[in-house]
Amino acid sequence: MMKTKAAKFGLGQSVRQRDDAFNGIVVDVDASYDGPIDETGAVSTDQPFYKVLVLEESSGILVYAAEQSLTVGPEPGDAALPHLERWFTHDDQGRLQPRFVQLH
């Protein structure tokens, strides 16, 4: 039986890849790995995995990242806003809120 844990990051939260490969915003969360078999390498599949919208030069790209590879990231700058509008709105306190929630 696979044990799952609560996700550390939520929808709309800014994250950074630990090796500084990218900064981004969480757009979806899976309780455990939900990708092609044998593509995780040495990464454990019994942890949350996140779909992250990359906010770098290659903005607009989604990556699938294990929780262990992410940390809290910097807040997105104004240049990222056009990419974020597809996924998020801002609440009355200025925080990102998902436009929709996809149930698995």
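Residues 24 or more positions apart account for 51% of the contacts in the chain with a separation of 6 or more. The model is predicted. Its chain has 104 residues, and buried residues make up 34% of them. One helix and seven strands are present. Their order from the N terminus is β-β-β-β-β-α-β-β.

**Nonpolar cores**

- In soluble globular proteins, nonpolar side chains tend to be buried together.
- The largest nonpolar core here has nine residues. They are F9, V15, F22, V26, Y50, V52, V54, A65 and L70.
- Strand β3, residues 49–54, gives this core its largest share, three residues.
- Another core, of eight residues, lies apart from it. V27, L55, F88 and L96 are among its members.

**Cavity**

- Rolling a probe the size of a water molecule over the atoms shows where empty space is left.
- The count is one cavity of 30 Å³ or more.
- The largest cavity holds about 60 Å³ of space.
- Its lining is formed by L11, V27, W87, F88, P98, R99 and F100.
- Six of these lining residues are nonpolar, none is polar and one is charged.
- V27 and F88 line the largest cavity, and both also belong to the core of eight residues.

**S14, in strand β1**

- S14 sits in strand β1, which covers residues 14–17.
- S14 counts as buried because its relative accessibility is 5%, and the cut-off for buried is under 20%.
- A polar atom of the S14 side chain lies 2.2 Å from the backbone oxygen of P74.
- Beyond four places in sequence, S14 touches G24, I25, T71, V72, G73, P74, E75 and P76. P74 is thus on the contact list of S14 as well as being its polar partner.

**D20, in the loop between β1 and β2**

- D20 belongs to the loop between β1 and β2, where β2 spans residues 23–30.
- Phi of D20 is near 60°. That is a positive value in a residue other than glycine.
- D20 is exposed because its relative accessible area is 56%, and exposed means over 50%.

**D91, in the loop between β6 and β7**

- D91 lies in the loop between β6 (88–90) and β7 (96–98).
- Its side chain has a polar atom 2.9 Å from the backbone nitrogen of Q93.
- The side chain of D91 also makes a polar contact of 3.3 Å with the side chain of Q97.
- The D91 side chain therefore has a backbone partner in Q93 and a side-chain partner in Q97.

**Q47 and T40, in the loop between β2 and β3**

- Q47 is found in the loop between β2 and β3, and T40 is in that loop too.
- Q47 has 7% relative accessibility, so it counts as buried.
- A polar atom of the Q47 side chain is 2.9 Å from the backbone nitrogen of Q68.
- With neighbours within four places left aside, Q47 is in contact with A31, S32, Y33, A66, E67 and Q68.
- T40 also counts as buried, at 19% relative accessibility. The cut-off is under 20%.
- T40 is in contact with Y33 and T45, leaving aside neighbours within four places in sequence. Y33 is on the contact list of Q47 as well.
- T40 and A66 are 26 residues apart in sequence. Their C-alpha atoms are 9.0 Å apart in space.

**K5, in the segment before β1**

- K5 is found in the segment before β1.
- K5 is partly exposed because its relative accessible area is 48%, which falls between the cut-offs of 20% and 50%.
- K5 is in contact with P48 and E67, leaving aside neighbours within four places in sequence. E67 is in contact with Q47 too.
- K5 and S32 are 27 residues apart along the chain. Their C-alpha atoms are separated by 8.6 Å.
- S32 is also one of the residues in contact with Q47.

How values were computed
Residues numbered from 1 in each chain as written. Predicted model: local features only at pLDDT ≥ 70, side-chain atom pairs only at ≥ 80, totals over all residues. Heavy atoms only, no water. 1 Å grid on protein atoms, 1.4 Å probe; cavity = no way out; pocket = protein on both sides within 12 Å on 5 of 7 lines; lining within 4 Å. Points joined across faces, edges and corners; volume = space filled by probe spheres on them. Nonpolar A, V, L, I, M, F, W, Y, C, P; charged D, E, K, R; others polar. Core = buried A, V, L, I, M, F, W, Y, C linked by side-chain atoms within 4.5 Å. Buried < 20%, exposed > 50% of the residue type's maximum accessible area, 1.4 Å probe, protein only. Helix = DSSP H or I, 4+ residues; strand = E, 2+ residues; numbered from the N terminus. Polar contact = N/O pair within 3.5 Å; in protein donor to acceptor, adjacent residues only side chain to side chain. Contact = heavy atoms within 4.5 Å.
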